[in-house]
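Subject: Structure handover

Hello,

Here is the structure for your files. My notes on the findings follow below.

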Amino acid sequence: MFDRFSGKLNADELILMALREDVSGEDVTTNSIMREAVIGEAQLICKQDGVICGLDTFTRTFLLLDEDMSFEMNAEDGDEVKSGQIIASVRGDIRAILIGERTAENIKIEIGCAYKRPETLSMDVKGRNLVTGLPKTLTVTSDETLQALR
C-alpha cells in the first residue's frame, strides 16, 4: 500500500537527489547573478495547451530549498490549461527560485504525469549516498511519480 506519507518521503528523497545533481557544490550561475538573498517572484507559465500535472512536485522542490517560499496556485493537477496561462507564482529567495526552477522543470518534463500512461517512462537521478558519501544513481519511473503525487 502506498500512502501520502511514504509518498512524500520517497518524493523528497528523489527531489533532493535531483537537486544535489544540479548543484553539487557552489551554484556558480545563480551566485554570479545574485550574491545575496533577495526576495523575488517567478511565474509558472503554460507553454502549450494541455492538462496540468506535477504541481505537488513543483512546490515541494522549492520548499526543500527554502521552507519560507510561498505559492499562489491558479490551477490544480488535472485542470485543462491554455498556452500562456499563469499556472502558479512562487515567492521567496530568488536564489532558491533559480536553483529549484531547473530541477522542478526537469522532473515535470521528463516523467511528471497525473494519469497512468500506457508506457512507463524513466529517468536517472544522480546524487550521493548519505551514509557512504559515494555517488549513487537511482532510476525513477513515471509510475513512481504518479504514486507520489497521489
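A residue counts as buried under 20% relative accessible area, as exposed over 50%, and as partly exposed in between. Arginine 95, at 23% relative accessibility, is therefore partly exposed. Please keep in mind that this is a predicted model.

Overall content

The protein has 150 residues, and 35% of them are buried. Its secondary structure consists of 5 helices and 7 strands. Read from the N terminus, the order of elements is α-α-β-β-α-β-β-β-α-β-β-α. If contacts between residues at least 6 apart in sequence are taken, 67% of them connect residues at least 24 apart. The accessible surface is about 9300 Å², and carbon and sulfur atoms account for 50% of that.

Sheet

An open sheet is formed by 3 strands in the order E1-E5-E3, with antiparallel pairing. Its edge strands are E1 (39-45) and E3 (70-73), each of which pairs on one side only. From one strand to the next, the twist averages 15 degrees. Strand E5 (residues 86-93) is joined to E1 by 7 bridges in the antiparallel sense. Within that sheet, isoleucine 39 has aspartate 93 in E5 as its bridge partner. Helix H3 (residues 55-65) lies across E1, E3 and E5, and runs at about 160 degrees to E3.

Cores

The largest nonpolar core contains 16 residues, and Phe62 and Ile87 have the most contacts inside it. At least two residues of this core come from each of H3, E5 and helix H4 (94-110). H4 makes the largest contribution, with 4 residues. A second core, separate from this one, has 6 residues, among them Met17, Ala18, Met123 and Val140.

What does isoleucine 87 touch, leaving aside residues up to four places away in sequence? The list is Leu44, Cys46, Ile52, Leu55, Glu72, Met73, Asn74, Ala75 and Val81.

Salt bridges

There are 2 salt bridges in the structure. One of them joins arginine 60 to aspartate 12, with the closest N and O atoms 2.8 Å apart. This pair connects distant parts of the chain, since arginine 60 sits in helix H3 and aspartate 12 in helix H1 (residues 4-22), 48 residues apart. Is each partner buried or partly exposed? Arginine 60 has a relative accessible area of 23%, so it falls in the partly exposed class. Aspartate 12, at 12% relative accessibility, is under the 20% limit and therefore counts as buried.

Arginine 95 and aspartate 93 form a salt bridge as well, and their closest N and O atoms are 2.8 Å apart. Arginine 95 is the residue classed as partly exposed at the start of these notes. Aspartate 93 has a relative accessible area of 12%, which means that it is buried. Aspartate 93 thus has two roles in these notes: bridge partner of isoleucine 39 in the sheet and salt-bridge partner of arginine 95.

Regards

Conventions: Residues are numbered from 1 along each chain as its sequence is written. This is a predicted model: local features need pLDDT of at least 70, side-chain atom pairs count only at pLDDT 80 or more; totals for chains, interfaces and linings use all residues. Side-chain values use heavy atoms; hydrogens and water are left out. Buried means under 20% relative accessible area, exposed over 50%, partly exposed in between (1.4 Å probe, protein chains only). Contact means heavy atoms within 4.5 Å. Accessible areas come from the Shrake-Rupley method with a 1.4 Å probe; for residues, only the protein chains shown count as cover. Two strands pair if DSSP finds at least two bridges between them. Axes are lines fitted to C-alpha atoms, for helices over the stretch in contact, and angles run from 0 to 180 degrees between N-to-C directions. A nonpolar core is a set of buried Ala, Val, Leu, Ile, Met, Phe, Trp, Tyr and Cys residues joined through side-chain atoms within 4.5 Å. A salt bridge is a side-chain nitrogen of Lys or Arg within 4 Å of a carboxyl oxygen of Asp or Glu.
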